[in-house]
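Let's take a walk through this structure together. Have a look at it first, and then we'll go through some of the details.

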Amino acid sequence: MAASAHFRRACIIDLQAGLFGYTVAFTGSTLSAMISATDLCPTDDLCARGAFVASVAPLAAMVASLGAGRATDLVGRRRYLLLVSAIWAVGYATIAAATSFAGLVAGRAITGVAMGATSVGVPVYVTELSPPDLRGPLGGLFNVFISTGILLVFALGVRGADGGWWRVMAALGCAPALLAGACIAGGLVPESPRWLAAQGRTDEARAVAAALYGDAKASTKLVDDAVAVAPGGAREGSFRSRAVVAGVGVLVGALAMAAGVIQAFGRRPLLLASALGARGALAAMGAASANGAGLLAILAADCFIAAVTLGLSTLSWVYASEVFPDAIRGRAMGSATILFWGITFCFIESFDVVSGLITIPGVLFIFSGLCFASAAFVFFFVVETRHKSLNEVQALFVGEEGDPLLA
């Protein structure tokens with residue numbers, strides 16, 4: 001099948017990733033207006049209840065991740081994504097109609113659940129349906145759409161969010177969810193052949209694979225490979241394997257937006273360069289901030305975004321979803337996502353307190369050290385997966401006796 005068809009399908013699914021970014025940035029543009037409209041705080045300034053409206057989404061995402069991986073394994077990728085589309089629509093409709101603190105918290109919590117579910121389901125689905133030579137670029141679209149969602153919030157918020165405009169912005173959040181749901185329900189998004197094969201539904205898997213790839217030989221090989229690993233390919237104990245360690249570790253390194261050079265350079269070099277570049281940029285930002293050099297701090301921040309975009313953000317979800325074995329891919333992505341959202345929530349809630357204790361430059365220097373640790377992790381644990389089928393990727397983490405290699 002033409003690459004354009006795979007691209008269109010990935011874009012449909014990644015509408016949910018766009019909502020992910022939209023949700024991350026939403027309160028940055030609208031929180032003050034929501035506080036004024038619903039009397040969240042005694043004054044128009046941010047208070048504890050207002051801050052909770054902002055931070056409840058990543059908290060809900062972390063909680064949702066507890067069951068997201070098992071859900072996508074149990075009900076199938078397609079039905080799971082259809083359900084997540086409905087959750088997105090309900091969440092933003094709730095925010096648009098909210099008139100109280102409880103209503104805003106409920107809406108943000110629902111969108112947070114959808115955010116956590118999207119973090120697991122979309123990378124898994126795109127990974128399983130993408131040909132090896134397109135898996136990197138198509139997987140990278142996840143972060144492209146996240147960035148697009150963030151930029152859309154900023155663009156809509158330029159006029160200000162007062163006068164009920166924040167409700168319009170919330171209502172607009174329903175549109176991508178409804179569009180994605182309609183496309184999935186309308187048959188534009190098929191079930192994953194690998195998931196069907198894992199359920200023993202090989203005839204269906206062959207039919208879907210043939211429709212996806214338009215090549216009988218390639219589709220037959222895909223299903224045969226999936227069937228070969230499905231029965232005993234990954235035991236529960238393989239959560240201790242190098243594959244899971246590498247997948248979780250890279251996912252925790254995710255911080256920002258997207259890039260488009262994955263397939264040209266490979267995963268490992270980009271991750272290594274990204275972590276080292278981010279480390280240098282954060283150190284420069286900390287030094288500039290400590291010395292009051294505002295312009296240099298801004299330039300260093302731009303370099304940091306560029307470095308993270310080069311690899312860490314774009315490749316985190318791609319790499320994690322590649323290395324996890326078929327039988328546990330959904331649950332393993334769920335476990336990694338729990339850690340991701342838990343750390344995100346902790347950073348949001350603790351940043352002001354920590355920066356007050358050790359100053360903002362101090363926080364930046366700590367983050368710089370974490371980036372260096374990430375680079376060391378990539379150097380010692382991450383293996384290259386470029387141009388390899390999912391079966392070949394999984395074989396990289398299997399020892400001579402067929403057992404997963406332990407860390």
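Start inside, with two phenylalanines: Phe-20 and Phe-142 are both buried. Keep in mind that what you're looking at is a predicted model. These two rings make one of the seven aromatic pairs that the structure holds. Theirs is an edge-to-face pair, with 5.9 Å from centre to centre and 75° between the planes. What does this pair link? It joins distant parts of the chain, with Phe-20 sitting in helix α2 and Phe-142 in helix α6, which covers residues 135-156. Along the sequence, the two are 122 residues apart.

Now compare that with another couple of rings, Trp-88 and Tyr-92, which form a stacked pair. Here the centres lie 6.4 Å apart, and the angle between the planes is 15°. Both residues belong to helix α4 (residues 77-97), and because they're four residues apart there, about one helical turn separates them. Are they buried or exposed? Trp-88 counts as buried because its relative accessibility is 0%. Tyr-92 is buried as well, since its relative accessible area is also 0%, and the cut-off for buried is under 20%. This pair isn't on its own, either: ring pairs tie Trp-88 and Tyr-92 into a cluster with Tyr-22 and Phe-26.

Let's go back to helix α2, which spans residues 15-38, and pick out Thr-27. With a relative accessibility of 9%, Thr-27 falls under the 20% limit and so counts as buried. Which residues does Thr-27 touch, once you leave out those up to four places away in sequence? The answer is Met-34, Val-53, Ala-54 and Arg-108.

Time to step back and take in the whole chain. Its secondary structure is made up of 18 helices, with zero strands. How many of its residues count as buried? Of the 407 residues, 51% do. On the outside, the chain exposes about 16,700 Å², and 68% of that comes from carbon and sulfur atoms.

One last thing concerns how the chain meets itself. Take the contacts between residues at least 6 apart in sequence: 80% of them join residues at least 24 apart. The Phe-20 and Phe-142 pair that we began with, linking helix α2 to helix α6, is a link between distant parts of the chain too.

Definitions and conventions. Residues are numbered from 1 along each chain as its sequence is written. This is a predicted model: local features need pLDDT of at least 70, side-chain atom pairs count only at pLDDT 80 or more; totals for chains, interfaces and linings use all residues. Side-chain values use heavy atoms; hydrogens and water are left out. Buried means under 20% relative accessible area, exposed over 50%, partly exposed in between (1.4 Å probe, protein chains only). Contact means heavy atoms within 4.5 Å. Accessible areas come from the Shrake-Rupley method with a 1.4 Å probe; for residues, only the protein chains shown count as cover. Rings of Phe, Tyr and Trp (its six-membered ring) pair if their centres lie within 6.5 Å; planes under 30 degrees apart count as stacked, over 60 as edge-to-face and the rest as tilted.
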